[in-house]
Structure formats: C-alpha cells, structure tokens
Amino acid sequence: MTSAADDGIKCIYCKCTEFTEDQNLGSRWAKCRNCGVSQPVECKDISIRGEMLYSHYEKYLGEGLASRFPKIEGADEVAFIRQHIEGPLDMKIIDLGTAAGDFLPSLRELGHDIMGIDKFRPYAAYGEKHALPIHHTSIEELLEEGSANSVDLISIREAIYYVDDLKLFFENVKKLLKPGGHLYIKTGVADSFYYRFMRGDAHKRVGEFATLMLDPQVLKGILVKEGFSVVAVRKIGLNSNIVVFGYDLARGNAFVRFCGKCINAVFRKLTVITNTADRVCILARI
Ligand SMILES: [Zn+2]
C-alpha cells in the first residue's frame, strides 16, 4: 500500500518523498519508505506548529504554572545513565525541551553544570522563581554563542517528536557534544500497543503539533547512521493512562478503573512477552 508523496511531503529526516501507510499510528500518519520515520500526512508549517505548541502550553499551563510547585522526576533514569557511563561523572549537561525542569534536580547527581532549555518563554520565569536553571533558548542559539564541543551529556525526554528537522537536530547535537559525549533520549515509540489498540490516532496522545514518531529499531538505526554507538536501551511498559475506544478508564467509576488496571496489567505482560515497549530510554555515545 503506497501513498506516494503527491501532496509533496518530505521525510523530516532523510528528505525522501516515498511513504507507506502507518499500521500503528492511524490514517493521519505515514511511514518513510527509506528510513522508517513516521510523520503526519499533513505537514504543518513550522510557524503554525510553533503557535499551536505555544497556545497548547498557555491553555494547559498558563495559570497553572504560577501555582505549580516543582516536581522531581527521573531518578530511575539517572540511575540508568550512571550505570552505563564509565569514569568521572561530573558532567556538563543540557536538558532539551526541559519544560518545568522536573528532570533537572535528578540530573544534579551527574554533574554540577546543568542547564534546561525550552522554547516556551514562561518556563524560564518559572525556573527563576524556583531556582531551577531553565533558559529560554534553543540549541541553535547555544551554538551561535560558542557552545560547540562543550557538553558531556544532552538529554531529551518525550520531546524528540516535536523537532522541526530530525537531520538538523542530530547535526546540532553532535556539534554541541564533546567528543565521546552522550545523548540520552526518552521517547514514546511508534509501535506501542497504545496506538494500535487504544487510540486510533497518535495525534491524540502526542498533540496535533507532533512532527514525527519513531520505533526503537528506527531510532537505533538513525543513531548509528549519525555516528553514535548505542550504549544501552531500557524499555518501559504502559503507564496507567489507559484509553479504550477513546474512553479514558482513569476517569470512570471504581469498577471501570479496576477494569482499566486489569487491562493495563495484561498489556504490561504483553510488552514483556512480545519484547515491545510503550516508551524507550536510549543512551548513545558519539
Ligand atoms: Zn526518511
């Protein structure tokens, strides 16, 4: 089944124009025949996506951000990183798309020079208020300011599917990293059961402004192609956010929630048995 690029969409990574249907993510997604990256059939302009992302943040966080207290996330992920990096760990670290900086306190275990960056300006003010090093900048701006070859570890958590150009993303990451530096990616994966059996359309989970989805094999292949060696991969099963036929079981009554937990348990087992995942954490070294 081929849906050729008669509408002119180009792969966000390899720039190929040949796509096939995406069996997992729904009819609004297509998979690049060349590199395997999935992307929306209707490719939105960068400026429109930027506005959508901004208004999404404003809607969900606008006032909430002011009253929100920092959370600490990802201690288990930091333990995973520690486990696989040899030598001294006092690293210079940048967390891309850091949002409210929930990963930053955990990253302090790995180094003293830590910066979270985000394109949503209010997060920087939030960081200032809560003594979190969040900056309103981009990887491109950091490179322009002379930060090339200066970073030991770059992390990007659940945000790689919002990049504007995946090829450029890896090029910039490589410029920013020191030789031997590490890239840590945590991401939802395109071949998760979640999309095939629960949500018919991946946009409903990752937003209308998502630009791509990757499955673990595709992501590993791209990392290798970009000159990284994959150090370690950790698979994560479904969380408790179970949606069946568009109905969120977490919002139901006690019996419905109980059913949701049972379904969740079955899918967790299935991810183990079939060696699949809902999300993966990948640590790679350049
Ligand atoms: Zn491609």
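## A walk from Ile72 to the second largest pocket

Start by selecting Ile72: leaving out residues up to four places away in sequence, Ile72 touches Asp102, Pro105 and Ser106 (contact means heavy atoms within 4.5 Å). Before you go on, this is a predicted model, where local features need pLDDT of at least 70 and side-chain atom pairs count only at pLDDT 80 or more, while totals for chains, interfaces and linings use all residues. Residues are numbered from 1 along each chain as its sequence is written, and side-chain values use heavy atoms, with hydrogens and water left out.

Ile72 sits in the loop between H1 and helix H2 (75-84) (helices are DSSP runs of H or I with at least four residues, strands are runs of E with at least two, and both are numbered from the N terminus). Is Ile72 buried or exposed? With a relative accessible area of 64%, Ile72 is exposed (buried is under 20%, exposed over 50%, partly exposed in between, using a 1.4 Å probe and protein chains only).

Next, select H1. This helix has 22 residues and reaches 31 Å from its first C-alpha to its last, close to the 32 Å expected at 1.5 Å a residue (the expected span is 1.5 Å times one less than the number of residues). Look at Leu61, where H1 bends by about 55° (the angle between axes fitted to the seven residues ending there and the seven starting there). Leu61 is also one of the buried residues of H1, alongside Arg49, Tyr57 and Leu65. Helix H4 (122-129) is part of what covers them.

Now stay on Arg49, which is among the residues nearest the centre of the second largest pocket, with Ile12, Cys43, Lys44 and Asp164. A pocket here is an open set of points on a 1 Å grid over the protein atoms alone, where a 1.4 Å probe fits, with protein on both sides within 12 Å along at least five of seven lines; lining residues have an atom within 4 Å of a point. The lining has 16 residues: five nonpolar, two polar and nine charged. Strand S3 (38-40) and helix H1 each supply at least two of them.

Then jump to Asp95 in strand S4 (residues 92-96). Asp95 counts as buried because its relative accessible area is 3%. Its contacts beyond four places in sequence include Phe103, Met115 and Ile156.

Ile156 leads to a last stop, since Lys186 touches Ile156 too, along with Glu77 and others. Lys186 is in strand S8 (residues 177-188) and is buried, at 12% relative accessibility.

Note on methods: Nonpolar A, V, L, I, M, F, W, Y, C, P; charged D, E, K, R; others polar.
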